[in-house]
Amino acid sequence: MSSQNSSIAQPPRENMLVNLLFNIALPTLVLTQLSDPAYLGIKLAIAVAILFPIGYGARDFMLRGRVNFISALGLVSVLLTGGFSLFELAAEYIAIKEAAIPLLLGVATIVSLRTSQPLVNTFLLNDAIINRPAIEQALRENHAERDFERLLIKASWLLASSFLLSSLLNYGLASYLLVAEPGTVEFNQQLGEMTALSFPVIALPATVVLTAALFYLFRGIGKITGLSFEEIIHPQAAK
């Protein structure tokens, strides 16, 4: 019975190809190819492009039964971009919004160190990735709780640096690409190009920094607990 309950409790793994398809590829295709009045038109193309990440977020929620913090934040970002575009606000507002969200996350990561629930736990130390009971037991046995707290502080700063990098790249990309007048086909096409380039230009470099922070944290945990990498990782994550 317990094994059955544990299998039910485990949400299905996210398919990254489907994620990229609904959050990047399809919105890009709609904005760049269907914004012409002969097809969907400017405003309808924006609305349709927004529907793909909204639909993906809703499906993710139904499958997992809980709100994915990162997906929810991405959805808010998409809605803001779509809203700014539909109301034909200046491109500078989109550039500021693109930079503001990761910047706020970086600041929140550092500020949260003064709370009982640092954000580094959400991003790097969530139960889907690490074997928390084994780590906590090893920390107690080695009397290494203070060392672990210092490690979390350093890892949080690394994590915050990935958000800062993302913020700078977001602003630079939006400022460079969005030069047409809002409410035009050209602007929609540039918005689509920005969506398409957001993965290689922004997500990949930020992911490299985030991965470095993750492995720095795992290495530090191994040093202060004596656990191997395989013992630190959650059994489900290792499969």
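A residue counts as buried under 20% relative accessible area, as exposed over 50%, and as partly exposed in between. The exercises below apply this scale, among other criteria, to a predicted model.

**Exercise 1. Overall composition**

Determine how many helices and strands the chain holds, and what share of its residues counts as buried.

Solution. Step 1: the secondary structure amounts to 11 helices and zero strands. Step 2: read from the N terminus, the order of elements is therefore α-α-α-α-α-α-α-α-α-α-α. Step 3: the chain has 239 residues, of which 36% are classed as buried.

**Exercise 2. A salt bridge between distant parts of the chain**

Identify the salt-bridge partner of Lys-43, locate both residues, and classify the exposure of each.

Solution. Step 1: the partner is Glu-88, and the closest N and O atoms of the pair are 3.2 Å apart. A salt bridge requires a side-chain nitrogen of Lys or Arg within 4 Å of a carboxyl oxygen of Asp or Glu, so this pair qualifies. Step 2: Lys-43 belongs to helix 3 (residues 42-64), whereas Glu-88 sits in the loop between helix 4 (69-86) and helix 5; the two are 45 residues apart, and the pair links distant parts of the chain. Step 3: Lys-43 has a relative accessible area of 41% and is therefore partly exposed. Glu-88, at 40%, is likewise partly exposed.

**Exercise 3. Two further salt bridges**

State how many salt bridges the structure holds, then examine the pairs Lys-97 with Glu-98 and Glu-149 with Arg-146.

Solution. Step 1: the structure holds four salt bridges. As background, side chains of opposite charge can pair when their charged atoms come close. Step 2: the side chains of Lys-97 and Glu-98 form a salt bridge with an N to O distance of 2.4 Å. Lys-97 has a relative accessible area of 7% and is therefore buried; Glu-98, at 15%, also counts as buried. Step 3: Glu-149 and Arg-146 form a salt bridge at 3.8 Å, N to O. Because these two residues are three apart in helix 8, about one helical turn separates Glu-149 from Arg-146. Step 4: Glu-149 is partly exposed at 45% relative accessibility, while Arg-146 reaches 57% and so counts as exposed.

**Exercise 4. A nonpolar patch on the surface**

List the residues of the nonpolar patch, assign the helices that supply at least two residues each, and classify Leu-168 by its exposure.

Solution. Step 1: the patch is formed by Leu-103, Val-107, Val-111, Leu-164 and Leu-168, which together have about 450 Å² of accessible area. Step 2: helix 5 (91-111) and helix 8 (145-177) each contribute at least two of its residues. Helix 5 gives the most, with three residues. Step 3: Leu-168 is located in helix 8. At 58% relative accessibility, Leu-168 lies over the 50% cut-off and therefore counts as exposed.

**Exercise 5. Packing of helices and contacts across the sequence**

Describe the geometry of helix 5 and helix 9, and give the C-alpha separations of Leu-168 from Ile-202 and of Glu-92 from Ala-174.

Solution. Step 1: the axes of helix 5 and helix 9 (residues 185-225) come within 13 Å and cross at roughly 15°. This angle is under 35 degrees, so helix 5 is roughly parallel to helix 9. The crossing of the two helices is right-handed. Step 2: Leu-168 and Ile-202 are 34 residues apart along the chain, with their C-alpha atoms separated by 9.1 Å. Step 3: Glu-92 is a residue of helix 5 and is partly exposed, at 41% relative accessibility. Glu-92 and Ala-174 lie 82 residues apart in sequence and 8.1 Å apart in space, C-alpha to C-alpha.

**Exercise 6. Positive phi values**

Give the phi values of Glu-88 and His-143, and place each residue in the chain.

Solution. Step 1: phi of Glu-88 is near 55°, a positive value in a residue other than glycine. Glu-88 is found in the loop between helix 4 and helix 5. Step 2: phi of His-143 is near 50°, again positive in a residue other than glycine. His-143 is found in the loop between helix 7 (132-141) and helix 8. Step 3: the relative accessible area of His-143 is 67%, and His-143 is therefore exposed, whereas Glu-88, at 40%, counts as partly exposed.

Note on methods. Residues numbered from 1 in each chain as written. Predicted model: local features only at pLDDT ≥ 70, side-chain atom pairs only at ≥ 80, totals over all residues. Heavy atoms only, no water. Patch = residues over 30% accessible without salt bridge, like charges linked within 9 Å, V, L, I, M, F, W, Y side chains within 5 Å. Areas by Shrake-Rupley, 256 points an atom, 1.4 Å probe, with all protein chains shown as cover. Helix = DSSP H or I, 4+ residues; strand = E, 2+ residues; numbered from the N terminus. Buried < 20%, exposed > 50% of the residue type's maximum accessible area, 1.4 Å probe, protein only. Axes fitted to C-alpha atoms, helices over the stretch in contact; angles between N-to-C directions. Parallel < 35°, antiparallel > 145°, perpendicular 65-115°, else oblique. Left-handed = near helix turned anticlockwise from the far one by under 90°.
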